[in-house]
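Biologist: I've got a model open and I'd like to learn how to read it. Could you walk me through a few features?

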Amino acid sequence: GPGQAEMYAGLQELGVANGEDLKETLTNCTEPLKAIEQFQTENGVLLPSLQYALPFLDLHGTPRLEFHQSVFDELREKLLERVSAIALEGKAEERYKKLEDLLEKSFSLVKMPSIQPVVMCVMKHLPKVPEKKLKLVMADKDLYKACAVEVKRQIWQDNQALFGDEVSPLLKQYILEKENILFSNDISFLQNFFSPSPKTRRQGEVVQKLTQMIGKNVKLYDMVLQFLRTLFLRTRNVHYCTLRAELLMSLHDLEISDICTVDPCHKFTWCLDACIREKFVDNKRARELQGFLDGVKKGQEQVLGDLSMILCDPFAINTLALSTIRHLQDLVGQDTLPRESPDLLLLLRMLSLGQGAWDMIDSQVFKEPKMEAELITRFLPLLMSFVVDDHTFTVDQKLPSEEKGPIPYPSTIPEAFTKFLQENRIACEIGLYYILHITKQRNKNAFLRLLPALVETFGDLAFSDIFLHLLTGNLTLLSDEFALEEFCTSLFDGFFLTACSRKENVHRHVLRLLLHLHHKVAPAKLESLQKALEPTKQSGEAVKELHNQLSEKLELRKPSPAEVTEPPSMELPLPTVPTPASR
């Protein structure tokens, strides 16, 4: 066929006869058998000793093709070994000259499946494949596919669009993997989105593939960062910030100094990575991080855009926020004000920088966001007063009560707290982490007191996937409270259901939670929740699927009709009383 002709066309350029030549010989000859014999002699393996061996193989019924094929395979292996050896010996320019000559000679045969591996091997070892050859490879889908990544890098670095096509499905896969974790049906306070260590995360398929594609090529690394910045701007999806940090640290793990030394964020990211591993920013590392931020020189402010993206990674935010809550508790014990703690101020400065990443990259105005004094002088002291309320309440419970009745837990929230959560992004982030903290401590009183403040928050942060993922995990620690009408009404009617109809993701998270805890909820409440959470016409597949799963579970819980005996009509059915939570 035409494919064959194209495949072997290169042989003629090299003065080697091919099938076309044989056809021509046979068409124009008088004695075909003699002609075939002559063709075999002229084009066979030129080894005197073979003259007698071949007829012997013929007697054994070994086809000549099989023999030639095995000789050929053997030679190709030798050639591949030789090429790899040439690539390592002698002076650079000499070995590259040898390889270039070899490429010149062999490239015309690149379509022959038997020869292709040799040609590819030669190209793989050339740091600069001639432009003309790269263009030919690029123009041919199959050749491009067969190329080693070393050759593809040379093609990609001058073809951003082609590189983008290769990287794009990987980035989509990455975001999908993150979302699958956040919406996973396994709910637990022990294992959550933030559990895997940075080292483990960097072993992920996408990070490894991108690392492999980039190699030591700074130009490709810059392109990937550019893609990540653009996608972050377009979607506001913070997982791109995680990938930005993971990629740099993956190259760091491999000690690729060609790239690490030119990325101005390298040392900062490395230090922050250690904090993320410990889920805490200790004093020594705090000083180090502060040094990097203070060290940004005039004229290099653009690096703040990159640093802010590194700090906007949810794993960084999580670490900074957890550290902030720990610091606040320590300050209560030391009777110190937030503004007197340089460590706390640094954490807030980094949170601000991270939370301001999108605005900074969007506006291209590279300066640190201004910290609002109110955050430090009013909001944080408020949080500290909540910590004090808890201590006081606990101590009061333990005191012998003479004539005074039991002291109720403070139930109102200061107006200022609610206002801060609505208007100040950093306050909102820290407030949400404080609520996660009290939930994890199984502090039901504090949780119910602050919950109403979550209905309206800055940018709807309380309805973001990461917060709801963590909250649902921590709520499993309060599972016994789900039997109580008051608790369920506050949590579901007062919080979750206020957003379900306008936010599909909230609908999903509530269903996840109920799938996990339905056996703890009072039957009447469960039934009304099942109705309230019916999917609508607009609902996506995920919501429908979860609701079906929930309905199936509830079906299994219902007693079979035989067991339900009708009460005599005289008696009024007793109201169902939720059983008190077992402690």
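Biologist: Let's start with helix 25. Which residue just after helix 25 takes a positive phi?

Modeller: That's Arg-442, with a phi of about 60° just after the helix. Bear in mind that this is a predicted model. What catches the eye is a positive phi in a residue other than glycine. Arg-442 sits in the loop between helix 25 (425-440) and helix 26 (444-450).

Biologist: Is Arg-442 buried or exposed?

Modeller: Exposed: its relative accessible area is 53%, and the cut-off for that word is over 50%.

Biologist: Where else do I find a positive phi in a residue other than glycine?

Modeller: Look at Gln-364, where phi is near 60°. Gln-364 is also in a loop, the one between helix 22 (357-363) and helix 23 (373-398). Its relative accessibility is 46%, so Gln-364 counts as partly exposed.

Biologist: Back to helix 25 for a moment. What goes on at the start of helix 25?

Modeller: There, a side-chain oxygen of Asn-424 reaches to within 3.0 Å of the backbone nitrogen of Ile-426. As for the helix itself, it has 16 residues and spans 23 Å from first C-alpha to last, close to the 22 Å expected at 1.5 Å a residue. Because 13 of those 16 residues are buried, helix 25 is largely enclosed by the rest of the structure.

Biologist: Which other helix could I read in that way?

Modeller: Try helix 29 (residues 504-517). Its 14 residues reach 20 Å, close to the expected 20 Å. Eleven of the 14 residues are buried, so helix 29 too is largely enclosed by the rest of the structure. Among the buried residues are Asn-505, His-507, His-509 and Arg-512, along with Val-506, Val-510 and Leu-513.

Biologist: Which helices do the buried residues of helix 29 pack against?

Modeller: They pack against helix 11 (160-182), helix 27 (465-475), helix 28 (485-500), helix 30 (523-532) and helix 31 (541-557).

Biologist: Let me pick one of those partners. How do I describe the way helix 28 and helix 29 pack?

Modeller: Start with the angle and the distance between the axes. Here the angle is about 140° and the axes are 7 Å apart. The label "roughly antiparallel" needs an angle over 145 degrees, so this pair is called oblique. Then look at who meets whom: Leu-491, Phe-492, Phe-496, Ala-499 and Cys-500 in helix 28 meet a set in helix 29 that includes Val-506, Val-510 and Leu-513.

Biologist: Some of those names look evenly spaced. What's the general idea?

Modeller: An α-helix has 3.6 residues a turn, so residues three or four places apart point the same way.

Biologist: And what does Phe-496 touch, beyond residues up to four places away in sequence?

Modeller: Phe-496 touches Leu-468, Leu-471, Leu-491, Val-506, Val-510 and Leu-513. Phe-496 is also one of the residues with the most contacts inside the largest nonpolar core, alongside Phe-379, Phe-482, Leu-491 and Phe-492. That core has 155 residues. The general idea is that in soluble globular proteins, nonpolar side chains tend to be buried together.

Biologist: So how should I read a polar residue such as Ser-250?

Modeller: Check its burial and its partners. Ser-250 is found in helix 15 (residues 239-253). At 3% relative accessibility, it counts as buried. A polar contact of 2.8 Å joins its side chain to that of Thr-211. Leaving out residues up to four places away in sequence, Ser-250 touches Arg-202, Val-207, Gln-208 and Thr-211.

Biologist: What about residues that are far along the chain from each other?

Modeller: Compare the separation in sequence with the distance in space. Arg-378 and Ala-416 are 38 residues apart in sequence, while their C-alpha atoms are 8.6 Å apart. Arg-378, in helix 23, is in contact with Ala-416 and Phe-420, neighbours within four places aside. With a relative accessible area of 41%, Arg-378 is partly exposed. Another pair is Gly-333 and Val-388, 55 residues apart in sequence and 9.4 Å apart in space, C-alpha to C-alpha.

Biologist: How many helices and strands does the chain have overall?

Modeller: There are 31 helices and zero strands. Of the 583 residues, 44% count as buried. For contacts with a separation of 6 or more, 72% come from residues 24 or more positions apart.

Key: Residues are numbered from 1 along each chain as its sequence is written. This is a predicted model: local features need pLDDT of at least 70, side-chain atom pairs count only at pLDDT 80 or more; totals for chains, interfaces and linings use all residues. Side-chain values use heavy atoms; hydrogens and water are left out. A nonpolar core is a set of buried Ala, Val, Leu, Ile, Met, Phe, Trp, Tyr and Cys residues joined through side-chain atoms within 4.5 Å. Buried means under 20% relative accessible area, exposed over 50%, partly exposed in between (1.4 Å probe, protein chains only). Contact means heavy atoms within 4.5 Å. Helices (H or I, at least four residues) and strands (E, at least two) are DSSP runs, numbered from the N terminus. A polar contact is a pair of N or O atoms within 3.5 Å; within protein, one must be able to donate a hydrogen and the other to accept it, and residues adjacent in sequence count only if both atoms are side-chain atoms. The expected span of a helix is 1.5 Å times one less than its number of residues. Axes are lines fitted to C-alpha atoms, for helices over the stretch in contact, and angles run from 0 to 180 degrees between N-to-C directions. Angles under 35 degrees count as roughly parallel, over 145 as roughly antiparallel, 65 to 115 as roughly perpendicular and the rest as oblique.
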